[in-house]
Amino acid sequence: MTKKFIIKKEQREKKRIARERIDILFTLAERVFPYNKELANRYVEIGLAVQQKAQVKIPRKWKRRYCKKCHSFLVPGVNARVRLRQKRFPHVVIQCLECNHIMRFPYLREKKAKRREKQ
Ligand SMILES: [Zn+2]
């Protein structure tokens with residue numbers, strides 16, 4: 001094995017661990033949210049710090065579960081409003097009710113998959 005190869009392997013391993021930690025932190029945030037909102041937000045902060053340090057993507061599952069502006073953990077129907085919109089492009093609108101920040105997530109990929117299914 002060359003040195004370069006070993007370094008690459010190490011980096012991959014680091015990223016895998018980072019993603020795993022992010023998943024654990026968000027799972028914890030979801031669990032403590034009903035009892036302790038502050039703690040849930042703290043877990044999000046730590047998760048985002050891990051994400052930034054390791055330069056990985058937030059897992060798809062958790063991407064829509066925190067506010068990009070105030071970093072609050074979001075629970076639809078509790079502190080987040082979720083609406084579907086078709087105007088211009090199909091997207092999900094998530095509004096953080098803590099700071100009223102609005103985030104839009106397109107779901108074109110899902111729509112295209114459905115179209116393909118129909119054919
Ligand atoms: Zn917010």
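Two residues are in contact if their C-beta atoms, placed from the backbone, lie within 7 Å. This meaning of contact applies to the legends below, which describe a predicted model.

**Figure 1. Contacts of Ala40 in the predicted model.** Leaving aside residues up to four places away in sequence, Ala40 touches Ala29, Val32, Phe33 and Phe73. Ala40 lies within helix 2, which covers residues 37-54. Ala40, Ala29 and Phe73 also appear among the members of the largest nonpolar core that touch the most other members.

**Figure 2. The largest nonpolar core.** This core has 15 residues, and those touching the most other members are Ala29, Ala40, Tyr43, Val44, Phe73 and Leu74. At least two residues each come from helix 1, helix 2 and strand 2. Helix 1 is the element that gives the most, with 4 residues. Because domain 1 (1-62) and domain 2 (64-119) both give residues to the core, it lies between them. In soluble globular proteins, nonpolar side chains tend to be buried together.

**Figure 3. The contact between the two domains.** The chain is divided into domain 1, residues 1-62, and domain 2, residues 64-119. Their C-alpha centres lie 22 Å apart. Domain 1 brings 9 residues to the contact, and domain 2 brings 6 residues. On the side of domain 1 that touches domain 2, the elements giving two or more residues are helix 1 (3-32) and helix 2 (37-54). Helix 2 gives the most to this side, with 5 residues. By class, this side of domain 1 has 7 nonpolar, 1 polar and 1 charged residues.

**Figure 4. The hairpin of strand 1 and strand 2.** Strand 1, residues 80-85, pairs with strand 2, residues 91-96, in the antiparallel sense over 6 bridges. Arg83 has Val93 of strand 2 as its bridge partner. Between the two strands of the hairpin there are 5 residues, and Arg88 takes a positive phi near 65 degrees.

**Figure 5. The chain as a whole, as context for the close-up views.** The chain has 4 helices and 3 strands, which follow the pattern α-α-α-β-β-β-α along the sequence. The C-alpha trace spans about 55 × 50 × 20 Å along its principal axes. The radius of gyration of the chain is 18 Å, whereas a compact globule of 119 residues would have one near 14 Å. Of the 119 residues, 16% count as buried. Among contacts with a separation of 6 or more, 44% join residues 24 or more positions apart.

Definitions and conventions. Residues numbered from 1 in each chain as written. Predicted model: local features only at pLDDT ≥ 70, side-chain atom pairs only at ≥ 80, totals over all residues. Pairing = 2+ DSSP bridges. Domains from an automatic or database assignment. Nonpolar A, V, L, I, M, F, W, Y, C, P; charged D, E, K, R; others polar. Core = buried A, V, L, I, M, F, W, Y, C linked by C-beta atoms within 7 Å. Buried ≥ 20, exposed ≤ 12 C-beta atoms within 10 Å, placed from the backbone. Rg over C-alpha atoms; globule rule 2.2 N^0.38 Å.
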